[in-house]
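User: I have a model to go through with you. Please take it piece by piece and keep the answers short.

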Amino acid sequence: FSYQFNDTFKTTRQILNLLIDVVVKGGNLAVNVGPQPDGRIPAENIQTLKEMGAWLSVYGDAIYGTRPCAPYKKDGIGFTKKEDTVYALQPFQEETDPVENVVWIPYTGQVTEVTARGDEKVESFTKEEGGLRVVFEKKEYEKAPIARVFCLKAWDGGNSSALLNRYRQRALWKDRIPRSLLWGILHPQGCGKKEAVMEHAVEKGVCPRMGAQFFINPDETMKD
């Protein structure tokens, strides 16, 4: 915790891999930068901090303001969550680590969309027992990236609170649309009766036509 002449510093890759490991376990990481005797920050430290900032400017959504998410860390993949998005982080310890275009993500929650941060492009994904198999567009790497970050989303009507406020503003209650219909719009995965109400919702101006299917559950009520 103090400056030492000709000290050996951790690389940007080592620090960011440590950061990922700490965050997926629910922790915080303090990075110590010791000034030189004249008060200046060593040039090596400045360069590392800039490189960390550059990485976080692209992938920071998977770090800042997140919470741990089961299965936390498994098969070399760490998980965080923020609002309705689960982030899967695949760190590479060394520049020489192989980078495959097919990745196994051991996440068993509901997923309807998989995208990747940065310049990676996801071609397809399939749900299999125990997780997801994600296929990337093939590309050549001069060296392994520090980490790849996947965004896993399950469309469930979006943020229920935000949608509820939006529908209220659009005079949802004046149109006397049943609360069971609102439950179907906001929580399609939790509905029981398979009576499609999409057309009715579009006609009433409650929601745009998004190609999704909504169902009524008359046994449920929407609580304010």
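**Exposure, backbone, cores, sheets and pocket**

Analyst: Asp75 is exposed, at a relative accessible area of 54%. Exposed means over 50%, buried under 20%, and partly exposed in between, with a 1.4 Å probe and protein chains only. This is a predicted model: local features need pLDDT of at least 70, side-chain atom pairs count only at pLDDT 80 or more, and totals for chains, interfaces and linings use all residues. Residues are numbered from 1 along each chain as its sequence is written, and side-chain values use heavy atoms, with hydrogens and water left out.

User: Where is Asp75 placed?

Analyst: Phi of Asp75 is near 55°, a positive value in a residue other than glycine. Most residues other than glycine have a negative phi. Helices (H or I, at least four residues) and strands (E, at least two) are DSSP runs, numbered from the N terminus. Asp75 sits in the loop between β1 and β2.

User: What is the phi of Tyr72 near?

Analyst: Tyr72 has its place in strand β1. Tyr72 counts as partly exposed, because its relative accessibility is 45%. Its phi is positive, in a residue other than glycine, and is near 65°.

User: Is the peptide bond from Ala70 to Pro71 cis or trans?

Analyst: Pro71 lies in strand β1. Most peptide bonds are trans. The bond from Ala70 to Pro71 has omega near 10° and is cis.

User: Which element supplies the largest share of the largest nonpolar core?

Analyst: A nonpolar core is a set of buried Ala, Val, Leu, Ile, Met, Phe, Trp, Tyr and Cys residues joined through side-chain atoms within 4.5 Å. The largest one has 18 residues, and Ile20, Trp55, Ile63, Leu89 and Val149 have the most contacts inside it. At least two residues each come from α1 (12–23), α2 (43–59), β3 (85–91) and β8 (147–153). The largest share, five residues, comes from α1.

User: Which residues does Ile63 touch, not counting those up to four places away in sequence?

Analyst: Ile63 is among the residues with the most contacts inside the largest core. Contact means heavy atoms within 4.5 Å. Ile63 touches Leu19, Ile20, Val23, Trp55, Leu56 and Leu89.

User: How many residues does the other core have?

Analyst: This core lies apart from the largest one. Among its members are Phe79, Ile105, Val111 and Leu132. Its residue count is 16.

User: What is the strand order in the open sheet of five strands?

Analyst: Two strands pair if DSSP finds at least two bridges between them. The edge strands are β1 (67–74) and β5 (113–116), each pairing on one side only. Pairing in this sheet is antiparallel, and the order is β1-β2-β3-β8-β5.

User: Which residue of β8 stands opposite Thr115?

Analyst: β5 and β8 pair in the antiparallel sense. Four bridges link them. Opposite Thr115, in β8, stands Cys151.

User: At about what angle does α1 run to β3?

Analyst: Axes are lines fitted to C-alpha atoms, for helices over the stretch in contact, and angles run from 0 to 180 degrees between N-to-C directions. α1 lies across β1, β2 (77–82), β3 and β8. The angle between α1 and β3 is about 140°.

User: Why is one side of β4 and of β6 left without a neighbour in the sheet?

Analyst: These strands belong to an open, antiparallel sheet of three strands, in the order β4-β7-β6. β4 (102–105) and β6 (122–128) stand at its edges, so one side of each is left free: each has a single partner strand.

User: Which residue in β7 is the bridge partner of Val122?

Analyst: β6 and β7 (residues 131–136) run antiparallel. Six bridges join them. The partner of Val122 is Phe136.

User: What is the volume of the largest pocket, about?

Analyst: On a 1 Å grid over the protein atoms alone, a pocket is an open set of points where a 1.4 Å probe fits, with protein on both sides within 12 Å along at least five of seven lines; lining residues have an atom within 4 Å of a point. The lining has 20 residues, with Phe9, Lys10, Val31, Asn32 and Val33 nearest the centre. Grid points are joined across faces, edges and corners, and a volume is the space filled by probe spheres set on the points. For the largest pocket, that volume is about 500 Å³.

User: Is Asn45 buried or exposed?

Analyst: Asn45 lies in helix α2. Leaving aside neighbours within four places in sequence, Asn45 is in contact with Phe9, Val33 and Gly34. Its relative accessible area is 9%, so Asn45 is buried.
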